[in-house]
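Good morning, everyone. Please have the sequence and the model open, and I will go through a few places in turn.

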Amino acid sequence: MPMQLLGGITPEQFLAEYWQKKPLLIRQAWTDFPELIDLERLTELAGSDDAESRLIQIRNGKYELEHGPISERRLQKLPETDWTLLVSNVNHHVDHISELLYRFSFLPYYRLDDLMISYAPPGGTVGPHYDSYDVFLLQVGGRKRWQISSDDAGNFVEDAPIRVLKDFNSEQEWVLEHGDMLYLPPKYAHYGVALDPGMTYSIGFRAPKTQEIAGKFLEFVQDELCLDGMYADPDRKVRAHPGEIDDDFIASMATMLKQIEWNDATVRRFVGRYFTEPKPHVFFDAPDDPLDFDDFAALVAGSGVVLDLKSQMLFEQDRVYINGDEIAAEAEALPALQQLADARALPAGDYDDAVLEALYTCYDYGFLHPAG
C-alpha cells in the first residue's frame, strides 16, 4: 500500500527506485505526532548518564565538540545561534519515538539503528558531511535549509573534531518545514543549517564494515571452538640454525589451524547474536520485585507483553534471539515468539507453558514487560 511516510509511493517502489540509489524529498511525510519533544525534555535526556549526547558549536569559524552528559547549566550559557545539541538512541527512552522508528518496518529490524534527535537555533549546523549509511531526516518544528551533493570527495577539514567536508558543492537545495523529510543514500554529502529553532529526527540504519563483521565473527568462532590435540614433534631433527622457523614447523601450524572451520549453522547463530547485541552503553534493569511465574502468567493473559524499548529481537528459521542471546524455547513456542519479534508486543491471551516460560525468562532479565 502507498505510504504517507514515503510520499504516497509504496515501499516496493521506494526500495526499487530510491533505496541506496538516489535522494527523495517527501513533503509532509509525518504529521501525526502524539506529542512533541521540546528543548527542556531533550536537555533532560542530554544530561542523563544512559543517553549518548553531543554539543557542536561554531566559534570563530571553527567547530567545537563536547561529549555528554551535558548539563542544563551548560546549555544556558550558549549563545542564541550557531550550536547544535544531538541526542542518540532517543527511541530507547521515549515510547512514541520508538513507535515512530518502527514505522520504518518496510525494512528489516536488523538494519534499523536508532532515532537521533538534534536541536538547533538559527545558524546551528554540524557542517557539510556524509554518512556511511542510509538516513531519513525528518524536520520537527522550525525550518532547516538542506543542500546536498552526490560528490563524496572525502576531503575533510584537518584537525576538526567532527568530520566536515573541506569542499562542498551543492547540487540541490530545499527548505524543510515541520513534517517534511529527506531520504539520503550512503555517502551522499549534505549540509543542513537551521533557519528557525527546531529539531531534526534522524532515522539511521546499521551498516557495519566488513572488517568489523569479520573481527566479531572470529571472536564468536573463538568462543565456539573446542579443538583437540597438542603440538608434538617426535621426529624432530637437529637444525643448523636454531633461530630459524623451518618449513616443517610452519606446516604443522597450518595443519592445526585447518581444524578451525564453520558452516551455515555457525554463521546463522553469529548473525542472530551479533545483530541483537546491545550497544556498549545499553543496560537492562531487571525487575526490583519480580512477579512469580503464576502472577506473571495472569498478567500476560490479561494485558499481554511489550518488549523493552532497548530490546532487539530477531528470528531465523527455528531460532529466536534477543539482546545478544538465543532464547531456549520449545518448537510450539516459536510462532508466538516470532510474532513478538515482528510486532514488538504480544496481545493478551492464554498462552501455553512453553511460550510463558520463554517470556518469563526474558521478563526476569528486563528484556520485556507486562503491557499496560
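I will cover a pair of helices, a small sheet, one phenylalanine, and the cysteines. Keep in mind that this is a predicted model.

Let me start with the helices. Two packed helices are described by the angle between their axes and the distance between the axes. Here the pair is helix α8, residues 293–303, and helix α10, residues 353–365. Their axes come within 10 Å and cross at roughly 105°. An angle from 65 to 115 degrees counts as roughly perpendicular, and α8 and α10 are therefore roughly perpendicular to each other.

Which residues of α8 and α10 meet? From α8 we have Phe-293, Phe-296, Ala-297 and Val-300. On the α10 side, the residues are Leu-356, Glu-357, Leu-359, Tyr-360 and Tyr-363. Sorted by class, this contact has eight nonpolar residues, one charged residue and no polar ones. The charged residue is Glu-357.

Next, the sheet. Strands of a sheet pair through backbone hydrogen bonds, either parallel or antiparallel. This one is an open sheet of three strands, in the order β16-β12-β17, and the pairing is antiparallel. The strands at the edges are β16, at 345–346, and β17, at 368–370. Each has a single partner strand, so one side of each is left without a neighbour in the sheet. Helix α10 comes back here: α10 packs on the sheet and touches β12, β16 and β17. The direction of α10 makes about 105° with that of β17. As for the pairing itself, strand β12, residues 305–307, is joined to β16 over two bridges, in the antiparallel sense. Within that pair, Val-306 stands opposite Ala-345 of β16.

Now a single residue, Phe-220, in helix α5, which spans residues 210–224. Is Phe-220 buried or exposed? The cut-off for buried is under 20% relative accessible area, and Phe-220, at 10%, counts as buried. Leaving out residues up to four places away in sequence, Phe-220 touches Thr-266, Arg-269, Phe-270 and Arg-273. Val-267 is 47 residues from Phe-220 in sequence, while the C-alpha atoms of the two are 9.5 Å apart in space.

Last, the cysteines. How many disulfides does a search of the whole structure find? The count is zero. Take two cysteines as examples: Cys-226 is exposed, with a relative accessible area of 70%, whereas Cys-362 is buried, at 5%.

That is the end of my part.

Definitions and conventions
Residues numbered from 1 in each chain as written. Predicted model: local features only at pLDDT ≥ 70, side-chain atom pairs only at ≥ 80, totals over all residues. Heavy atoms only, no water. Axes fitted to C-alpha atoms, helices over the stretch in contact; angles between N-to-C directions. Helix = DSSP H or I, 4+ residues; strand = E, 2+ residues; numbered from the N terminus. Parallel < 35°, antiparallel > 145°, perpendicular 65-115°, else oblique. Contact = heavy atoms within 4.5 Å. Disulfide = S-S within 2.5 Å. Buried < 20%, exposed > 50% of the residue type's maximum accessible area, 1.4 Å probe, protein only. Pairing = 2+ DSSP bridges.
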